[in-house]
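Student: I am new to this structure. Please take me through one part of it closely.

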Amino acid sequence: MKNWLTKNFQPDMISEGVDSIDFERLKAEGIKLLLLDIDNTLAVHGSHSADDYAHAAIGNMKDAGLDVFILSNAKRHRARSYADSLGVESEGMAYKPSPKVLLSVCSQKNLDPVSVCMIGDQLLTDIWAARRAGVKSILVNPRSAHEDLHIRFKRMIEKLILKISKSS
Ligand SMILES: [Mg+2]
């Protein structure tokens, strides 16, 4: 059980937020492409356009020489309009934790999954999808504290999974 949880849900790194990730270091470690979640990662839940926080974070990623691609489970038109406000490529309806769309982006970009890193706030979607696709993963703390009941329930499960997979 513990091995299964670690294999599927242990992120390579945990960070406070996308504003505190060392993108230069990721680049030096061989990462070429970042796959980014929208809700509660780049944006406060439900945003249709990017705020200063997201613009600054995307700027830091690009300055480090990383390619950026937004990969969201949100509806396509919303993912598209959000990504357009940042001037980056995107795919909505990604069906994370399915690894399918992550892998198709890797192959479109002609990149080995080990040179790709998924950044997101949910273990049960973003990190699981990353682990299944074989890409690196960074879990960030959710941007907003106000979340629907079903998401708060998922947070409890996520905390438990992290606790078990970290225990020795
Ligand atoms: Mg999210």
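Tutor: Here is a close look at one helix, then at a helix pair and a single residue. Keep in mind that this is a predicted model.

Start with helix H5, which spans residues 100-108. Its buried residues are Val101, Leu102, Val105 and Cys106. Look down the axis of H5. The buried residues fall within an arc of 145°, so they line one face of the helix. The face turned away from that buried side carries Ser107 and Gln108, both exposed.

What do the buried residues of H5 pack against? They pack against four strands and a helix: strand E2 (33-36), strand E3 (67-71), strand E4 (89-91), strand E5 (116-120) and H6. Just after H5 comes asparagine 110, with a positive phi of about 60°.

Now follow H6, residues 123-133, to another partner. Helix H1 (residues 2-9) packs with H6 at an angle of about 85°, and their axes are 7 Å apart. That angle makes H1 roughly perpendicular to H6. On the H1 side, the contact uses Lys7, Asn8 and Phe9. On the H6 side, Leu123, Ile127, Trp128 and Arg131 meet them. The residues of this contact divide into 4 nonpolar, 1 polar and 2 charged.

Last, turn to helix H3, residues 52-63, which holds alanine 56. Is alanine 56 buried, exposed or partly exposed? Alanine 56 counts as partly exposed, because it has 13 C-beta neighbours inside 10 Å. Aspartate 19 is 37 residues from alanine 56 along the chain, yet their C-alpha atoms are separated by 7.7 Å.

Conventions. Residues are numbered from 1 along each chain as its sequence is written. This is a predicted model: local features need pLDDT of at least 70, side-chain atom pairs count only at pLDDT 80 or more; totals for chains, interfaces and linings use all residues. Helices (H or I, at least four residues) and strands (E, at least two) are DSSP runs, numbered from the N terminus. A residue is buried if 20 or more other C-beta atoms lie within 10 Å of its own, exposed if 12 or fewer, and partly exposed in between; C-beta atoms are placed from the backbone. Axes are lines fitted to C-alpha atoms, for helices over the stretch in contact, and angles run from 0 to 180 degrees between N-to-C directions. Angles under 35 degrees count as roughly parallel, over 145 as roughly antiparallel, 65 to 115 as roughly perpendicular and the rest as oblique. Two residues are in contact if their C-beta atoms, placed from the backbone, lie within 7 Å. Ala, Val, Leu, Ile, Met, Phe, Trp, Tyr, Cys and Pro count as nonpolar, Asp, Glu, Lys and Arg as charged, and the others, Gly among them, as polar. The arc is that of the directions from the helix axis to the C-beta atoms.
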